[in-house]
Amino acid sequence: MENLPLLGSDAMRFADRFTIDELGLGSLVLMEVAGRAVADAVTRRRGPRDGPVLVLAGTGNNGADALVAARHLRERGIPVQVLGLGPESKLTPDGRVQVDLFRRLGGRVRFDPGGPAVAELCRHLPHASTLVDGVFGIGLDREVRGFRADVLDRAARSGVPSVAVDLPSGLDADRGRPLGVVLPAEATVTFQFLKRGLVLEPGRTLAGQLEVADIGIPPRVLARIRPPGRTLGPPALPRRDRCGHKGTFGHLLVVAGAADRPGAALLTARAALRSGAGLVTLGTSADVLARASAELGPLMGLELGRVAVDGSAVEAALTERSGLLVGPSLPGDGRTGRWLNPLLDRSSRPVVLDAGALRALDDLARLRDRPGPTILTPHPGELGALLGVPAAEVQADRWAAATEAAARSGAVVVLKGASTLVATPEGRVGVCLRGNPGLGTGGTGDVLSGMVAGVWVQGFDAEAAASAAVWVHGVAGDRVARSAGELGLVASDLLAAIGPVWAELEATDPTRTAGVAPPAPGHALGSGVPGGLQPLGEASPAPAAGGASPTEDPS
């Protein structure tokens, strides 16, 4: 599921409509292939003594896909029971075709509203071995209510494993959030392209095992959509110059540390060094430096003030270095802001802002006019403060929050957390599917920020550096969890784990070339999709194969 395009619901409807109306591939053809893919997924999961498959079909085109799957399962000799949810008069035209065909081939289906549907579900659930969930698709845009909510809730509590058609019913296709109630899936067969809601938590967990089924929509449609999203995958690394030296690969200044938390500064600086920076200087106050001096190892130390960091000393030090990472364990108040904000206005060096530096930033918009590029690495609370909203609002729509911050600031934004996002000012978003809950421990975010800066200072562009660091950080976290467990994972474990990941990339990447050559402008890391494509225009909602009718009633 890496290096794949991610589409929102509007873009997916456009892809369907373009394929049907412009290319002439009929909606029933797409639906037939989609439903058969679902039937294949159910068949692969069945045991020889499994009971009937219970198909839950809504009145939209998602339900029609489910009816195709039911027909194929029945033709394979698998016992199938179909429960239609809602009045038959509400079926889409394609749904009516599928119902008629199912009946002509000997199948039985009745569409029941309200109480009868719930009673039918209760009658069939105890005997079912698998559910096919075709109640709602990408057209759902409000909370599920009424008897359908009752059906989804009872099905979820039954424990019968579910295979979802395109996405679990009740899941927001764009945000990955439940719309009232969701029927969790053991597996989800999604059609042609991943939907954003399937990779953003909690949708990523609710979707179970993901399978992307090719239903015949040609890849060329992406050129008309210009999808702003992509799952991150192994980055392409430039080969280090054989004649290079420590000064060739960038000199990073890390300004970090508090007297009671020197560890954050050390983790950050070491992670940068482990990620390829030629030289890393840890600049901090005299008391922090005294506590950390015995642990510096290959790092260089620089006193930037006696009790607190002095801005003039930072600015002077930065003139002799390639880039700056500032923030871990620094106070996020006026003490930092008084020197940081003017420095950002004047310095043309690449700057990564994290932790205390983010809290001390007085205005996101001022970053647009600074003479140098910027990367922000916030967690949801820090991003919420920058946007003036609670952290819970950021978590409710991480995609929107990250893209808004990137657009306002002109910076690349790395929104940490489950399914870490990399958002650009141009609207591209990368989503990392690597990582685990064990990374939710102190210091892992400092390691990630250090990795971002360590890669960037070597000559990558900002998006490529952030994407590479995020993916490698997630892979390293997964490897540590396999050996130490999620409960036993600590941030310092990552420092040893990231080196082997970089080594494997160096050994297996056939695209590496001599010299440090960052990706061409307008390319998302590993995407293969050039910038400058025609953006998706305003598209009126329309029923489409593989998704629910936008007009279907969730109540």
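Let's start with helix α6 (residues 146-158), which lies across β2, β3, β4 and β5 and runs at about 145° to β3. Keep in mind that this is a predicted model.

The strands under that helix belong to an open sheet of 7 strands, ordered β4-β3-β2-β5-β6-β7-β9, with parallel pairing. At its edges stand β4 (109-112) and β9 (209-213); each has a single partner strand, so one side of each is left without a neighbour in the sheet. On average, neighbouring strands are turned by 20° against each other, direction ignored. For a look at one pairing, take β2 (residues 53-57) and β5 (residues 130-134), which are joined in the parallel sense over 5 bridges. Within that pair, Leu56 has Asp133 of β5 as its bridge partner. Helix α3 (residues 61-75) also packs on the sheet, where it touches β2, β3, β4, β5, β6 and β7, and its direction makes about 155° with that of β2.

Now to the nonpolar side chains. In general, soluble globular proteins tend to bury such side chains together. Here the largest nonpolar core has 93 residues, and among the members touching the most others are Val38, Trp339 and Leu353. Helix α2 gives the most to this core, with 7 residues. A second, separate core of 57 residues includes Val280 and Val412.

Finally, visit Thr43, which sits in helix α2 (residues 27-45). Is Thr43 partly exposed or buried? Its relative accessibility is 31%, and because buried means under 20%, Thr43 counts as partly exposed. The Thr43 side chain reaches the backbone oxygen of Ala39 at 2.8 Å. Farther along the chain, Thr43 touches Leu73, Arg76 and Ile78; the C-alpha atoms of Thr43 and Ile78 are separated by 8.5 Å.

How values were computed. Residues numbered from 1 in each chain as written. Predicted model: local features only at pLDDT ≥ 70, side-chain atom pairs only at ≥ 80, totals over all residues. Heavy atoms only, no water. Helix = DSSP H or I, 4+ residues; strand = E, 2+ residues; numbered from the N terminus. Buried < 20%, exposed > 50% of the residue type's maximum accessible area, 1.4 Å probe, protein only. Contact = heavy atoms within 4.5 Å. Polar contact = N/O pair within 3.5 Å; in protein donor to acceptor, adjacent residues only side chain to side chain. Core = buried A, V, L, I, M, F, W, Y, C linked by side-chain atoms within 4.5 Å. Pairing = 2+ DSSP bridges. Axes fitted to C-alpha atoms, helices over the stretch in contact; angles between N-to-C directions. Lists of a residue's contacts leave out its neighbours within four places in sequence.
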